Amino acid sequence: MNTQSTSPAIEIIGLKKTYAASKKAPAKTALHGVDLVIPRGSIFGLLGPNGAGKSTMINILAGLVNKTEGTAKICGYDITTQTRHARASIGIVPQEIAMDVFFTPYQALELQAGYYGVPKSERRSMEILEALGLADKRDAYVRQLSGGMKRRLLIAKALVHNPPVLILDEPTAGVDIELRRQLWAYVEKLHAAGTTIILTTHYLEEAEALCDQIAIIHNGTIVANEPKTTLLSRLDKKVLRISPMDPLTALPASLSDLNASLAPDGQIVIEYRSGTDSVTDMLNRVKDAGVSISDLRTEEADLEDVFMALTYAGDT
Ligand SMILES: Nc1ncnc2c1ncn2[C@@H]1O[C@H](COP(=O)(O)OP(=O)(O)OP(=O)(O)O)[C@@H](O)[C@H]1O
């Protein structure tokens with residue numbers, strides 16, 4: 001059996017990167033032995049604060065930065081020993097809009113296809129321009145395109161060799177909401193057609209809207225890697241704090257099947273899931289237990305909170 005066709009989109013084991021010291025800065029370890037498997041067919045979100053190591057990881061996969069230790073495979077191809085196949089398996093949409101402004105979009109795609117060695121008979125430049133809504137700009141100069149069009153052209157360029165894996169590095173940074181939606185729709189279309197999508201983003205709502213699996217990287221280490229639904233079920237956790245009129249010495253036994261506890265300050269603290277548990281029912285249970293309620297409040301976590309908790313915990 002061809003192992004490449006069944007292997008994960010990305011398989012990273014013990015990946016380490018230390019940038020050498022320079023006159024201005026000491027050596028910096030950007031990745032501390034990262035293990036990461038990205039399954040085929042996923043829309044995978046790679047999140048992390050500035051300086052976490054996302055670009056380093058992507059640049060290693062793209063062949064732009066040399067790893068210090070560890071292995072990385074793209075669709076089963078080792079980036080060091082099977083470089084040509086590995087590169088052919090991945091398309092990267094960079095963060096920066098740096099393009100040769102003297103070419104037209106059509107020429108830019110043809111050049112890129114040439115760079116990847118795609119034979120003329122197999123090129124799909126026009127089809128890709130059409131898919132990205134740039135067909136009517138095929139012969140315009142790139143410098144005449146709007147920022148949003150340039151961003152779409154970057155995606156088009158990453159697709160010329162029909163890669164099974166596409167990495168989008170901050171695809172919607174500085175992009176207005178209308179264009180952001182258009183880009184999301186196109187990413188979803190590519191995904192539906194079978195492309196594995198890896199997305200780095202600072203917009204947590206973007207990850208929430210698009211990704212089926214999310215990894216969070218912090219200080220060069222993966223601190224979470226879960227299906228979005230699992231991550232969101234963490235977020236679904238809410239807390240109801242009830243202040244009884246009269247101080248309690250123990251939690252009423254009838255509340256024992258709720259996820260409840262008695263805080264040192266005398267509040268009844270109930271953890272619940274907003275999607276499934278009813279606050280009214282919980283309050284009725286407390287009243288039925290003979291507790292008069294003087295005050296109450298709820299606390300909830302969101303993706304932002306979980307992200308902050310995972311990436312700022314321990315930072316002082
Ligand atoms: N060429 C380099 N030389 C030395 N240090 C570097 C180099 N590139 C990155 N670093 C350092 O490595 C760490 C990780 O940087 P990296 O760019 O991978 O983070 P990032 O997660 O992509 O951040 P951002 O969200 O800001 O793009 C940072 O501390 C950064 O300063």
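1. The ligand site. In this predicted model, the shell around the ligand is formed by Tyr 19, Lys 28, Ala 30, Gly 48, Asn 50, Gly 51, Ala 52, Gly 53, Lys 54, Ser 55 and Thr 56. Two elements, β2 (28-38) and α2 (54-62), each give two or more residues to that shell. The largest share is that of α2, with three residues.

2. Composition of the shell. By residue class, the surroundings of the ligand comprise six polar, three nonpolar and two charged residues.

3. Helix α2. Beyond its part in the ligand shell, α2 is mostly covered, with seven of its nine residues buried. The buried set consists of Lys 54, Ser 55, Thr 56, Met 57, Ile 58, Ile 60 and Leu 61. Lys 54, Ser 55 and Thr 56 are also listed among the residues surrounding the ligand. Gly 63, just after the helix, has a positive phi of about 80°.

4. Packing of α4 and α6. Helix α4 (residues 105-115) and helix α6 (residues 147-159) have axes that come within 9 Å of each other and cross at roughly 30°. Angles under 35 degrees count as roughly parallel, so α4 is classed as roughly parallel to α6. The crossing of these two helices is right-handed.

5. Domains. The domain assignment divides the protein chain into domain 1, residues 3-232, and domain 2, residues 236-312. Taken over C-alpha atoms, the centres of domain 1 and domain 2 are separated by 43 Å.

Note on methods:
Residues numbered from 1 in each chain as written. Predicted model: local features only at pLDDT ≥ 70, side-chain atom pairs only at ≥ 80, totals over all residues. Domains from an automatic or database assignment. Near = placed C-beta within 6 Å. Helix = DSSP H or I, 4+ residues; strand = E, 2+ residues; numbered from the N terminus. Nonpolar A, V, L, I, M, F, W, Y, C, P; charged D, E, K, R; others polar. Buried ≥ 20, exposed ≤ 12 C-beta atoms within 10 Å, placed from the backbone. Axes fitted to C-alpha atoms, helices over the stretch in contact; angles between N-to-C directions. Parallel < 35°, antiparallel > 145°, perpendicular 65-115°, else oblique. Left-handed = near helix turned anticlockwise from the far one by under 90°.
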